[in-house]
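Please open the structure in your viewer and keep the sequence beside it. The tour below goes from one selection to the next and says what can be found at each stop.

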Amino acid sequence: MTRRPQLGAYVYPWDVDGDPAAADRLAALGVRRACVAAAYHAVRALTPRHPHHKVVTADRSAVYFPLDPARWSSADRLRPVEAAWSWHSFGPAVTALNDAGVEVYAWTILAHNDGLGLREPEATVVNAYGDRYPWALCIAQEQVQRHCATLAAEAASQPGLAGVELESCGWYGFDHLHAHDKSAGVLLPPSAKLLFSLCFCPACQDAYREAGADPARLRADVRAALDPVFAGTADDAHLPDEQSGAVARMRTAIATRLRERAVSAVRAERPDLPVLLHAHPDPLACGASPGLPPETAHALADAPVLLCPTRSDAALDAVRAYAGNGRRVVATVAAVQGLGADPSDLTAWCADLTDAGATELRFYHPGLASATDLEAMRKATAALR
């Protein structure tokens, strides 16, 4: 390896809050940075070592710190919810980790919000068939952009932070790890997933017009491209080049506006904090790691965070695309065997990511891990230090 990477891990605030041993246990793994969920989506999470609970069920997106009423007016329909199942646990978790010598980044999820999407469906993505995606806020809408920027700033305002990490700061679409998901009957290729994720809310229709596409014609063409895939008579789905260009211009411009707004809000709140963005090299990618081309990533934020769970050439290529000239690049590595990790390859995979240009590695994640998983993380950090 050419250099030693920074080592960190993701954790939920409830992994640490209420467990006096949790922060020291994380530090003993050899990590010196924790990304702690400050605003997170619905999840059911195992907590195998916590002394007071073994499962946490978050039934909707929520924040884990007390909201500042001054930031959210009564007219804000997209006001975040405070997590009743882990009440204000972010602050105590940050304090405990800092006391153990672990610095904390506020892990903040923006456009993926299943709670507000259910409560305010008009703020969500609506596909070409008229179906709503209640987990996906539509970032073309002003109220959504304002919500995301305000939430990012409020997360940054919490005490004890060393940085902010923004997930789903861009388009969110059809792909979603939803409770009892039953959506794999028809395998959608990437091109079809993109078309199935295009939004046709009023704000998006206006944006399509501005980009040079007639929204009614576009909607009909999207359906015409997708129908054969659903029928099993086609393996792919594409729009005419002219429409594809308009869609790309529209979605890239809106995603850029959101990122600039969210990052600016954080820097206005705390100019001393680095801001990281979850990213994918495909500019039209949507999801937790939305499209953020390498050539613009470092101009917008301090570093990209890339999803590199297990060994793949695509992950190495993505790291190489963002790396170079001393640039900071964060690679997120799966470290829980039950979530697809390979403990026997963890050390070698981390070394290969570092050689490809990753300057930081993040384990996902110790709070969910078995004893065997934790031992694999310890071995990896020992080899990388």
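What follows is a walk through a predicted model, with the core visited before the cavities, a helix, some single residues and the cysteines.

**The core**

Begin by selecting Trp171 and Leu353, which touch the most other members of the largest nonpolar core, a set of 140 residues. Then add helix H9, residues 241–269, which supplies the largest share of this core with nine residues.

Stay with tryptophan 171 and show what surrounds it. Apart from neighbours within four places in sequence, tryptophan 171 is in contact with Cys138, Ile139, Ala140, Cys199, Cys204, Met250, Arg251, Ile254, Ala255, Cys286, Gly287 and Pro290.

**The cavities**

How many cavities of 30 Å³ or more does the structure hold? There are three, and the largest of them has a volume of about 160 Å³. To find the largest cavity, select Asp15, Ala22, Arg25, Pro366 and Gly367, which lie nearest its centre among the 15 residues of its lining. Two elements, helix H1 (13–16) and helix H2 (22–28), each give two or more residues to this lining, and H2 gives the most, with three residues. Coloured by class, the lining of the largest cavity would show eight nonpolar, three polar and four charged residues.

Move on to the second largest cavity, whose volume is about 90 Å³. It is lined by 14 residues, and Ser61, Ala62, Pro80, Val81 and Asn113 are the closest to its centre. The elements that contribute two or more residues here are strand S2 (33–40), strand S5 (62–63), helix H4 (114–119) and helix H5 (142–156). The lining of the second largest cavity consists of nine nonpolar and five polar residues, with no charged ones.

**Helix H12 and what it packs against**

Next, select residues 346–356, which form helix H12, and pick out its buried residues: Leu346, Trp349, Cys350, Ala351, Leu353, Thr354 and Ala356. Leu353 is one of the two residues with which the tour of the core began. To see the partners of these buried residues, show helix H11 (313–322), strand S12 (330–334), strand S13 (360–364) and helix H13 (371–384), against which they pack. Just after the end of H12, glycine 357 takes a positive phi of about 130 degrees.

From there, go to threonine 381, which has its place in helix H13. Is threonine 381 buried or exposed? It counts as buried, because its relative accessible area is 0%, below the 20% cut-off for buried residues. Not counting residues up to four places away in sequence, threonine 381 touches Leu7, Leu29, Gly30, Val31 and Phe363.

**Residues in loops**

Now select the loop between strand S9 (161–167) and helix H6 (190–197), where leucine 188 lies. Leucine 188 has a relative accessibility of 13% and therefore counts as buried. Its contacts, leaving aside neighbours within four places in sequence, are Phe174, Lys193, Phe196, Val229 and Phe230. For a sense of distance, add arginine 49, which is 139 residues from leucine 188 in sequence and 38 Å from it in space, C-alpha to C-alpha.

Serine 168 is also found in the loop between S9 and H6. Although serine 168 is not a glycine, its phi is positive, near 50 degrees, and the residue is buried, with a relative accessible area of 0%.

For another positive phi, go to asparagine 325 in the loop between H11 and S12. The phi of asparagine 325 is about 55 degrees, again in a residue that is not a glycine. With a relative accessibility of 79%, asparagine 325 counts as exposed.

**The cysteines**

Finish by displaying the cysteine sulfur atoms. A disulfide is a covalent bond between the sulfur atoms of two cysteines. A search of the whole structure finds zero disulfides. Why does cysteine 204 not form a bond with cysteine 138? The sulfur of cysteine 138 is the closest cysteine sulfur to that of cysteine 204, but the two are 3.4 Å apart, too far for a bond, since a disulfide needs the sulfur atoms within 2.5 Å. Cysteine 204 counts as buried, at 0% relative accessibility.

The last stop is cysteine 350, whose closest cysteine sulfur, in cysteine 308, is 10 Å away and so too far for a bond. Cysteine 350 is likewise buried, with 0% relative accessibility, and it is one of the buried residues of H12.

Terms used: Residues numbered from 1 in each chain as written. Predicted model: local features only at pLDDT ≥ 70, side-chain atom pairs only at ≥ 80, totals over all residues. Heavy atoms only, no water. Core = buried A, V, L, I, M, F, W, Y, C linked by side-chain atoms within 4.5 Å. Buried < 20%, exposed > 50% of the residue type's maximum accessible area, 1.4 Å probe, protein only. Helix = DSSP H or I, 4+ residues; strand = E, 2+ residues; numbered from the N terminus. Contact = heavy atoms within 4.5 Å. 1 Å grid on protein atoms, 1.4 Å probe; cavity = no way out; pocket = protein on both sides within 12 Å on 5 of 7 lines; lining within 4 Å. Points joined across faces, edges and corners; volume = space filled by probe spheres on them. Nonpolar A, V, L, I, M, F, W, Y, C, P; charged D, E, K, R; others polar.
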